[in-house]
Amino acid sequence: MAGKFCVTITQCRSDEDKATLGFVVANAAVGSDKETMVFLSADGVWAVVKGEMEKVSVGAPFAPLAELVGKFTANGGKILVCSPCMKKRGITDDMLVDGAAAAGGAALVEWLSQGSPCVGF
């Protein structure tokens, strides 16, 4: 089995369930001792913007998005945010939560080229 795992999330404001479920799966992966990376692109970049992610709560039985993101980073998960997608939406690095970093598509390709399975939301 691969030691790495990747979750891509392309929606947040447009579909809060997808952002929430993506981080639920990411937490399961990091909790299973997988080196786990979440790559956020398109509308999904809002999932780690301070003041925005706190607005996302799809209700029971799921934890609010901010809690899921915090748990993920506290357990060593890595979050990369598509830098062109950020720029398109006027999001700057200082608007991202701790543990999230801007990156281009090449970072995702590099991660996946190391044999990481990937699921998308």
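**Exercise 1.** Over the ring of which residue does the charged end of K4 sit?

*Solution.* This is a predicted model, in which local features need pLDDT of at least 70, side-chain atom pairs count only at pLDDT 80 or more, and totals for chains, interfaces and linings use all residues. Residues are numbered from 1 along each chain as its sequence is written, and side-chain values use heavy atoms, with hydrogens and water left out.

Step 1. K4 belongs to strand β1, residues 4-9 (strands are DSSP runs of E, at least two residues, and helices runs of H or I, at least four, numbered from the N terminus).

Step 2. The ring is that of W111, with the charged end of K4 4.2 Å from its centre. The criterion requires NZ of Lys or CZ of Arg within 6 Å of the ring centre and within 35 degrees of the ring normal.

Step 3. R13 likewise lies over the face of W46, 3.6 Å from the ring centre.

**Exercise 2.** Identify the aromatic pair and the elements that it joins.

*Solution.* Step 1. Searching the whole structure yields one aromatic pair. F23 and F72 form this pair, with 5.8 Å from centre to centre and 75 degrees between the planes, hence the label edge-to-face (rings of Phe, Tyr and Trp, the last by its six-membered ring, pair if their centres lie within 6.5 Å; planes under 30 degrees apart are stacked, over 60 edge-to-face, the rest tilted).

Step 2. Because F23 lies in helix α1 (residues 16-31) and F72 in helix α2 (residues 65-74), the pair ties together parts 49 residues apart in sequence.
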